[in-house]
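Reader: I am in my first year and would like a close look at one kind of contact in this structure, the salt bridges. Could you take me through a few of them slowly?

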Amino acid sequence: MRKNQIFIQDDFWNQYSELVRQTVIPYQWEALNDRIEGAEPSYAIRNFKIAAGLAKGEFGGWVFQDSDLYKWLEAVAYSLHRHPDPELEQTADEAIDLIGQAQQNNGYLNTYFTIKEPGKQWTNLYEAHELYCAGHLIEAAVAYYEATGKRKLLDLSCRFADLIASLFGTEPGQIRAYCGHQEIELALVKLYGVTGEERYLNLSRYFIDERGNEPNYFVEEWKRGGRTNIWSQGMPNLEVYQCHLPVREQTVAVGHSVRAVYMYTAMADLARLTEDAGLREACERLWSNTTGKQMYITGGIGSTHHGEAFTFDYDLPNDTVYAETCASIGLIFWARRMLQLEARSEYADVMERALYNNVLGSMSNDGKHFFYVNPLEVWPEASCKSPDRHHVKPVRQKWFGCSCCPPNVARLLSSLNDYIYDVSADGRTVYTHLFIGSKASFELGGVNVTLHQRSELPWSGHVEWSVSLPEGTASAAFEMALRIPDWFQSEQPTLKVNGAAQPYRVENGYAKVERNWSEGDTLEWLLPMEAKFIAAHPSIRADAGKVAIQRGPLVYCLEEADNGAPIASLSLAEEPNLTEYTAQNLLGSCVIVEGDGVMTDSASWSDGKPYRPFTKQRTAVRFKSIPYYLWGNRQPGEMSVWLRS
């Protein structure tokens, strides 16, 4: 059963947990069963029925289609932990029964190879995603066991993991390989955590240690397979798969961004659990490069649709961006593991940035439409007519043939309670990474302490905790460590205990105060918010001469619905005079930021004359910006995060 005793009680985030529970999970179940009119088919449930011998037909969808069902089950597990739902649990149990029926006698489980290519298991690790799907199965199994106590999915995932452990490794007769899409590595760490079986931790470590060694497995596999691939042409691109070097020698983030951050997540897990200094140093180097030179202001990563990949330092185009939703979710996974290695505010800052902007922005307010790609600039006509921008959608989609992102959003938002706090190894310090209203129980200094966090984020920076102790306990000695967000830079935040200002020390970006806490004590954290202009590093050429607006953790954007078109012709006035107000009836209530700008008068241009002598004559306008995560919930139109200064 789950040991986690943190329950979200937050006005802002409750609406999302309820949206996931009441709308997203049921909607995605319909999608997995191909019952959404006008949406691309999933084939997921159909494939399992065929593999189980309950239906006839051909395999449908992508080679990794099984993983969509596993991620849905993981989201269900987290939801059931917070909100028991017998009907939903029965649906999940029936899906698990179906998975069990599709599993082969030796433990193997993959509908693509069962239906389409029987006998060819493990012959195309470069592209076929067998271990990737196994990883998502394991993650779902661990979550479902922890939420419900039911072992069926856990047991069948252990059978599959044991088969994999017998097949892969350095012993004679074993396959000395790893997966083309990293995922099983982090999943095996979770399986080790719930079972205590060292062989799962060792298998994860093997997959990480083997990656990038010479002779390279993928090159040898390609040669054995007749030098052909399913999707790509020519010799395998080792950088795309992060196997161009052993992982401890890698210094910059390259290749497919989701693969990369899933691997970095497992590396951080293993660095912590095995005290591997080399892995930790690699994680720190890669973190510095990824978040310091290859991350968008929204927390998106992966700047090109070619290979869904990183390109090079500071190459962050806004209009041809990729910034896949799954990549930001993987970045959050990685940030969480880095925090477990060492509580440093920079990790939580990135976690917060990706969560409030890229991840939330990927889902519509109705919970039934999704972005795969998360652009920072949209011109709808270009999305429709330019082959370079077909991947950039001006509106969210009902579903995708490759629908890894929607269930990934559901499982993250359903498990958000796991990202708020950490307790130090000595049990004396509780770290607050995210300011999300919640009730949390910990053992601190040998006492069972309950903390009630009340947060007004993202609209106000007032956060308050109250302390509850067991009956008869006079006090408990422990330390509170509160993150100082990177968006709060004007002065030192104010900390109050029982209404009185309290001095504190700062360590690794956390404000720390230690005392004997009594029943009913209160702690306040005051982070006044105001809209600010943010500039990009001079080497980020796409943003040269531009600014973005940020207020607290939220990045803002301009939409055509409020400002007309073309937004690209809008610039800041000499004195922008930013003001902000709460709009109760716009997009479900949010804080709007307005400012003074100037816009070129397109009516003064002659039709058919694309150029003329430059003039500074502009029309004064008052622009309106909304939180980026809310864009695209009205009529389609242009959008831009960056504004000419």
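Author: What follows is a walk through some of the salt bridges in this model, which is predicted. Side chains of opposite charge can pair when their charged atoms come close, and a search of the whole structure finds 41 salt bridges.

A good place to begin is the pair formed by Arg280 and Glu342, whose side chains meet with 3.2 Å from N to O. Arg280 belongs to helix α12, which covers residues 277-293, while Glu342 sits in the loop between α13 (325-341) and α14 (345-361), so this salt bridge ties together parts that are 62 residues apart in sequence. Arg280 has a relative accessibility of 27% and therefore counts as partly exposed, and Glu342, at 27%, is also classed as partly exposed.

Helix α12 also holds Lys293, which is linked to Asp313 in the loop between α12 and α13, 20 residues apart. The side chains of Lys293 and Asp313 meet in a salt bridge of 4.0 Å, N to O. Lys293 is partly exposed at 34%, and Asp313 is partly exposed at 29%.

Another pair is Asp521 with Arg515, where the closest N and O atoms of the salt bridge are 2.9 Å apart. Here Asp521 is buried, because its relative accessible area of 9% is under 20%, whereas Arg515, at 27%, is partly exposed.

Returning to Arg280 and Glu342, salt bridges that share partners join these two with Glu284, Arg344 and Glu346 into one network.

Note on methods. Residues are numbered from 1 along each chain as its sequence is written. This is a predicted model: local features need pLDDT of at least 70, side-chain atom pairs count only at pLDDT 80 or more; totals for chains, interfaces and linings use all residues. Side-chain values use heavy atoms; hydrogens and water are left out. Helices (H or I, at least four residues) and strands (E, at least two) are DSSP runs, numbered from the N terminus. Buried means under 20% relative accessible area, exposed over 50%, partly exposed in between (1.4 Å probe, protein chains only).
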